[in-house]
Each structure stands twice: as structure tokens, then as C-alpha cells.
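Me: I have a structure here that is new to me, and I'd like to go through it slowly. Could you help me find my way around?

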Amino acid sequence: MTTSIHVSTGQVAASLALVALAAAISFWRRADLDRDIAVATVRSFVQLTAIGYAIKLIFESDSIWLVLALLAVMVLFGALTARGRAKKVPGAFWPLLIALAVAGASTLGLVVVLGVFHPTPRYLVPVGGMVIGNAMTASAVALNRLGDEVADSRGRIEATLALGATAQEAAAPIVRRALRSGMITLVDSTKTTGLIFFPGTMVGMLLAGANPTDAVRLQLILLYTLLGSVAIAGLIATTLAYRNFFTPAQQLRELEGAEAGA
Amino acid sequence: MRAVRDHAAVLFELRDVSLTRAGRPALDAVSAEIPTGATAIVGPSGAGKSTLLRLLNRLVDPDAGAIAYRGRPLLEHDPLELRREVSLVPQLPALLEGTVESNLRYAADLAGKELDAPLCLSLAGLDPGFAERDVARLSVGEQQRTMLARALAQMPDVLLLDEPTSALDHATRDAVEATLAELRRELDISIVLVSHDPEQARRLSDWVVRLEAGRAIEAGPLEQVLA
């Protein structure tokens, strides 16, 4: 695939007019987001420019090791970010880190083995970024729900433990609901894709002048890949994280301190 | 503090049991014996009654001190096996989604027992026709009795009951109390009952442990403690 589009800095600068419009609306209707919009604009510019140069460097070096290093950094920051959304789950970092790493490695490995993508930086970097990003969102949502469910259902969990059920059996209904809530956003958006919104990859390819059929096929591949990675990440994160609520004697831990919020 | 009478076997023995919950002592060096038969744990709210009950089937373990069940340290009992033998019915009903019967079956399967749903329901004062009812459509009183029926489905040796009639009207409360008296007579089940109501303790128990502010201030036969 060759690049068939050139975007100038001037064009980017011109699009800032829409940012100004957003800030103006926020200011006018007192939505109190002007500062956030400014921060978001500056951060997106700095972060994307930095990652752009990093990707350029990796493409030019054509080194698989640099790709793996970049993906590892993404997994690490993804787990740290997701942990911030799963505050009610004790020790959420390791389940999230393992979930993202396994989801990323297994889905990327599978699409390469199946011959969907070539194992080159040009494919692995963008696809890996999407896979890890979606896995992060899904597992963060799943663990956020898990924490809320445990807090809301303490009575039911303990009543089930009191019958001699294992922690796994007592937690099964809430683990199921947590996994479901982590996956449902992507499943729903996959259902409506093309009808209500055009996904980013397809839009990008069309703008870059690609054949619409190719754009659609690539988008489908990515959606299906993401479904797999989101399911794997959600499964691993919830399966590992629920255990942290219980003691080895199959007791529901009394969570104390600000982090637990119990 | 009286020792258990010679003719009744010691069911639970607590020695200097302490437990801290949310940074505050919930139980403070509690020592008491609980015999077979029916024991009431009484005291004002916040005295640590429910916490003591939860210790007895290892839903929580003490920070200090020791508890023995039938002469053997509680910590040596497998918690899952213990809970199927010493069944706890919490104060607030917390049934699993589904029908009354599916809840009873869940409990019976865990304990590896055959389920006789009509018997369990009638023992808990419910019509056998309740088996097919969705638990989401039960009143709180019916849920509480379903919780009792579910515990009975495990055919436990000991029933730990946390305020079993708190959500019930007088007529239903009387029915449940009659059931508990009958359970003792017919099934030879030992009962440890938490109650804020001394009258209920008088009606249902023959041994009383009185807690206040996390300490056991009295334990002995009913006629002495609640004279």
C-alpha cells in the first residue's frame, strides 16, 4: 500500500477553527469545558506528533524488536490507565496487565499466523495499537462493573458462601455480568457499523484514496480482530480480578480504606 | 460466666476471641461456650451479635483467640464442608435469581443431598406451591422463609439464624418460631439464634449469651441469664 495523500500543517491548523467553535459553544453555554478543550487539543497534538515520529522511526528501522517494545509500552500504560477506572477492585493492576498482554499477543499472533496481516511494523503497529486500546477499554469497563457489583451484592455473595459455595461459584453471576458489560459496547457498535457510523479505519482509507471494497474488507478484519481481543481481555481481567475479593478460606474480604470505598 | 451443663455437649467454644472491623473492635476478648440445643445471642444493636454468628461458620476468622467446633479448632475445618454442616441464614434475604425451587436445589446440590422441596418449604412455613415462584416476586417475609427453607435443604446439623423474624409480621413470626421449635424436636438440629428481642430468646432458647459493646458479659442457662 503506498501513501496517496499528503496532509500539510496548514490543513491541520485550519481544522483548529472547529476547536475554536467548540470552545466558543462551551464558553457561551457555560459548559465549563473550555479549559479541558484546550488541554485536549494540546495533548492530542503533542501525543500524536510524538507517536507519529516514533512510528516513522520504527517503520524506517523495520525492526520487529522496536515494534514489540512499543506494544509493551502500550500494554503497560493501558493497564495503568484501566486501573484508574477499576478503583474498587483490589490489586487490579496485574490482572489488567496480563489481560492486555495476552489479548494483544494472541490476537496479533493469530492474524499473522492466519495470513491476514504480514508481520511487519507497517501492520503490527497500528493494528496492535487498536487491539490493545480496545482491550484496555473493555477490561476497564468490566472491572469497573465488577467492583460496583461486588459492593452492591455483598449480602448475596456472602449468603451463597454461607451455603458452602466456593468463591468462584458465589461470584459467577457478577463475573458474568462484568464480562458482558465490558464486551457489549463493541458488540453493539459492530452491529450498527455502516448504518449509523463509519468506523475510523474505513474513513481513513477512503480519505487516503483507497478502493472502497478494500476499505470495507480491512475494516471488517479489524472489527472481527477487535471482538476477539476484547473477549480475551475481558475474560482474563475478570477471571483474575474477582479472586482478589476473596481470602483463601473462601471468605469475602472486608475492604477498608479509600481505595476500597466499602 | 457459666460452663455448659454436664448433660449437654459443647457445640462451640470461644476463647478470647477478638475481631476488628473497619478499624474498630467488633468483638473484644469474647469467651463463651455454646451447647447443643438452642442458644440465643442477645444484646443491643452494634454489640457484635451478627459478627459472632459469622465467625461460627467461618465467613470470617478472628484476629485473635480460638474457636472450637465439637472440640476441634474451627481453623482445622474445611470452610466449605463446615458451612454445609453449620448453615447460616443471614438477616437480610439474599436469594439467587430464579425460582424458589432452583434456590433450594442449588443448596441441596452443594451439600450433596437429595432435595425434598415440599418438605423444606413446609418446614419453613411455606406452601409447597411456592416451589415454582420467581424469588423476585416474593414478599420480604416470604424471601426470609425461603432462605430458611434453602438452609434446611442442606440438612445441616446446626442452624445459625441472624434475626430470623425481623422482617415478619406477628402472625408470620409466630409461625416461624413454631417451625424452629418443631425443627429442634423432630430433626435434632442445634440452633444458634441472634435476636435483639429477649422475649424471643425466652420462647426459643435454653441457653443465652449476652453481648454488649463487643464483650460477652453473661453466658448461661436461660432461666439465669434472662431471669
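Reply: Before counting anything, it helps to know that helices here are DSSP runs of H or I with at least four residues, and strands are runs of E with at least two. Please also keep in mind that this is a predicted model.

Me: Okay, how many helices and strands does chain A have?
Reply: Chain A has nine helices and zero strands, and its elements, read from the N terminus on, run α-α-α-α-α-α-α-α-α.

Me: And how many of each are in chain B?
Reply: In chain B there are eight helices and 10 strands.

Me: What box does each chain fill?
Reply: Taken along the principal axes, the C-alpha atoms of chain A fill a box of roughly 65 × 55 × 35 Å, while those of chain B fill one of roughly 45 × 40 × 35 Å.

Me: What radius of gyration does chain B have, and what would a compact globule have?
Reply: Chain B has 17 Å, and this agrees with a compact globule, because one with 227 residues would have a radius of gyration near 17 Å.

Me: What percentage of each chain is buried?
Reply: In chain B, buried residues make up 51% of the 227 residues, and in chain A they make up 32% of the 262 residues.

Me: Let's look inside chain B, then. Is strand 8 of chain B covered or open?
Reply: Strand 8, residues 190-195 of chain B, is mostly covered, with six of its six residues buried. Both of its faces are covered, since B:Ser190, B:Val192 and B:Val194 are buried on one side and B:Ile191, B:Leu193 and B:Ser195 are buried on the other.

Me: Which strands pair with strand 8 of chain B?
Reply: Strand 3 of chain B, residues 38-42, pairs with strand 8 of chain B in the parallel sense over five bridges, and B:Ala40 has B:Leu193 as its bridge partner there. Strand 7 of chain B, residues 158-162, also pairs with strand 8 of chain B in the parallel sense over five bridges, and in that pairing the bridge partner of B:Asp162 is B:Val194.

Me: Which helix makes a β-α-β unit with strand 7 and strand 8 of chain B?
Reply: That is helix 6 of chain B, residues 170-187, and the unit the three elements make is right-handed.

Me: How do strand 1 and strand 2 of chain B run, parallel or antiparallel?
Reply: Strand 1 (residues 10-21) and strand 2 (residues 24-35) of chain B run antiparallel and are joined by eight bridges; B:Glu13, for instance, has B:Glu33 in strand 2 of chain B as its bridge partner. Their hairpin has two residues between the strands, and B:Ala22 takes a positive phi near 50 degrees in it.

Me: Switching topic, how many residues does each chain give to the contact?
Reply: The contact takes 22 residues from chain B and 16 residues from chain A. On the side of chain B that touches chain A, the largest share, four residues, comes from helix 2 of chain B, and the residues of this side divide into 13 nonpolar, four polar and five charged.

Me: Last one: which residues touch the most other members of the largest nonpolar core?
Reply: Of the 128 residues in that core, those are A:Leu100, A:Ala135, A:Leu146, A:Ala233, B:Ile41, B:Ala149 and B:Leu160. Helix 5 of chain A, residues 121-152, gives the largest share of this core, 14 residues. Leaving aside its neighbours within four places in sequence, A:Leu100 is in contact with residues including A:Val75, A:Ile132, A:Ala135 and A:Ala233.

How values were computed. Residues numbered from 1 in each chain as written. Chains lettered and ligands numbered in written order. Predicted model: local features only at pLDDT ≥ 70, side-chain atom pairs only at ≥ 80, totals over all residues. Contact = placed C-beta atoms within 7 Å. Nonpolar A, V, L, I, M, F, W, Y, C, P; charged D, E, K, R; others polar. Buried ≥ 20, exposed ≤ 12 C-beta atoms within 10 Å, placed from the backbone. Pairing = 2+ DSSP bridges. Right-handed = clockwise from strand over helix to strand, strands pointing away. Rg over C-alpha atoms; globule rule 2.2 N^0.38 Å. Core = buried A, V, L, I, M, F, W, Y, C linked by C-beta atoms within 7 Å.
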